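Please find below a short note on the strand pairing in this entry. The points are numbered for ease of reply.

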Amino acid sequence: MKKYASLILFAFLLNGCDDGDLTVQEIDFDSVVPTNCTTTTDNTLLYKLKSQEAFLLQMPKDALKSEPGTYEYDIPTGGNGAYRAIYRAYDGTLVADNICGLIPPSTPKVTDEWIATSGTIKITTDANISKPAVDGSTKLEGYNHNISFTNITFNISNSKPQVYPTYPFGTFSTKTSVPATLTFSSELASRCTVSNQLRVYNYNTSFFIMIDNMQADLLKDEETPAGQPRKGYIGTTTNKLYYKSVASGTGSFASDYFCSATFPTSPSIAEDWTGQAGVENTSGIIEVTTTLTGGIYFHTITLKGVTMTKGKNSFQLPTTFLLGRLEPTS
């Protein structure tokens with residue numbers, strides 16, 4: 001009897017061998033951090049990999065917002081559309097090129113595929129702000145996007161659909177183009193008049209900081225007493241402060257960019273920030289020190305206690321930040 005039982009068990013084991021094919025009953029990627037394909041240009045493709053399994057999430061480029069909040073997107077019925085979630089099992093070991101390669105390798109082969117045919121993608125986005133540096137500045141380093149699904153249904157070939165009331169995909173982090181240090185090409189600032197409003201700015205090829213509609217009396221051709229600079233405050237109409245950075249691959253800032261009534265469309269802007277309105281003797285301060293050298297007046301412009309804002313996001317300029325020194329225009 002034992003002999004027959006052993007033969008039956010051996011036959012069962014032989015029939016259970018599938019030459020490396022992987023059969024799963026449940027998707028489990030809890031310990032895997034999502035990453036993205038950098039080769040995609042028309043959409044965002046996030047993925048999680050295990051030895052022989054992949055979980056893919058495809059979304060439009062703008063689905064991951066650069067603004068804290070909660071965003072929800074529906075997976076279209078049938079699984080085809082701008083938002084797609086797919087689980088795949090393979091007959092061999094996976095690498096990133098199996099997912100992101102422009103011409104995916106012929107092996108390993110897909111042995112099982114689950115396609116999400118309904119459900120909601122929920123993305124909760126938080127800003128990632130650095131700790132204050134020695135100079136008092138902080139930096140918006142990027143955004144953390146916590147992604148999950150609710151009531152997601154997977155269509156499985158030769159099996160009943162599988163439904164998850166809630167399913168965590170994981171947290172994916174993105175970076176901003178705010179430079180680690182705000183260093184200009186020169187200590188010399190520039191100025192121009194646009195629509196009877198004074199603009200003062202400094203820049204390098206990747207970003208600029210500008211005071212728009214600056215108070216003209218801050219730049220009087222009169223020396224300021226030692227330790228007594230002229231003082232103004234960032235405002236929403238007068239002394240508006242801007243920080244803008246260029247989008248990668250769209251060009252760079254040059255001297256002819258800044259003095260037209262409307263900014264040129266090229267290069268494209270990646271980050272667009274506004275200075276928070278100042279509080280008297282506390283924050284958002286513009287200081288101008290004027291000196292007379294060789295019969296010529298020079299104006300040194302310093303920003304103090306400035307917070308840059310965009311929606312619900314903010315970062316601090318260094319507690320004392322030199323915008324630059326203005327020399328005579330002629």
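1. The model under review is predicted. Within it, β5 pairs with strand β6 (residues 110-129) in the antiparallel sense, and five bridges join the two. One facing pair in this ladder is Tyr87 and Trp114, the latter lying in β6.

2. Strand β3 (residues 53-60) is also a partner of β5: the two run antiparallel and are linked by six bridges. Here Leu56 has Ile86 of β5 as its bridge partner.

3. How far is strand β5 (residues 84-90) enclosed by the rest of the structure? Five of its seven residues are buried, and the strand is therefore largely enclosed. The cut-off applied to the term buried is a relative accessible area under 20%.

4. A further point concerns an open sheet of four strands, ordered β12-β15-β16-β19, with antiparallel pairing. The edge positions are taken by β12 (230-233) and β19 (320-326); each has a single partner strand, so one side of each lacks a neighbour in the sheet. From one strand to the next, the twist averages 25 degrees.

5. Within this sheet, the pairing of strand β16 (residues 296-304) with β19 is antiparallel and extends over six bridges. Which residue of β19 stands opposite Ile301? That position is held by Gly324.

6. As general background to the pairings above, strands of a sheet pair through backbone hydrogen bonds, in either a parallel or an antiparallel arrangement. For β5, the pairings with β3 and with β6 are both antiparallel, as is the pairing in the four-stranded open sheet.

Definitions and conventions. Residues are numbered from 1 along each chain as its sequence is written. This is a predicted model: local features need pLDDT of at least 70, side-chain atom pairs count only at pLDDT 80 or more; totals for chains, interfaces and linings use all residues. Side-chain values use heavy atoms; hydrogens and water are left out. Two strands pair if DSSP finds at least two bridges between them. Axes are lines fitted to C-alpha atoms, for helices over the stretch in contact, and angles run from 0 to 180 degrees between N-to-C directions. Buried means under 20% relative accessible area, exposed over 50%, partly exposed in between (1.4 Å probe, protein chains only).
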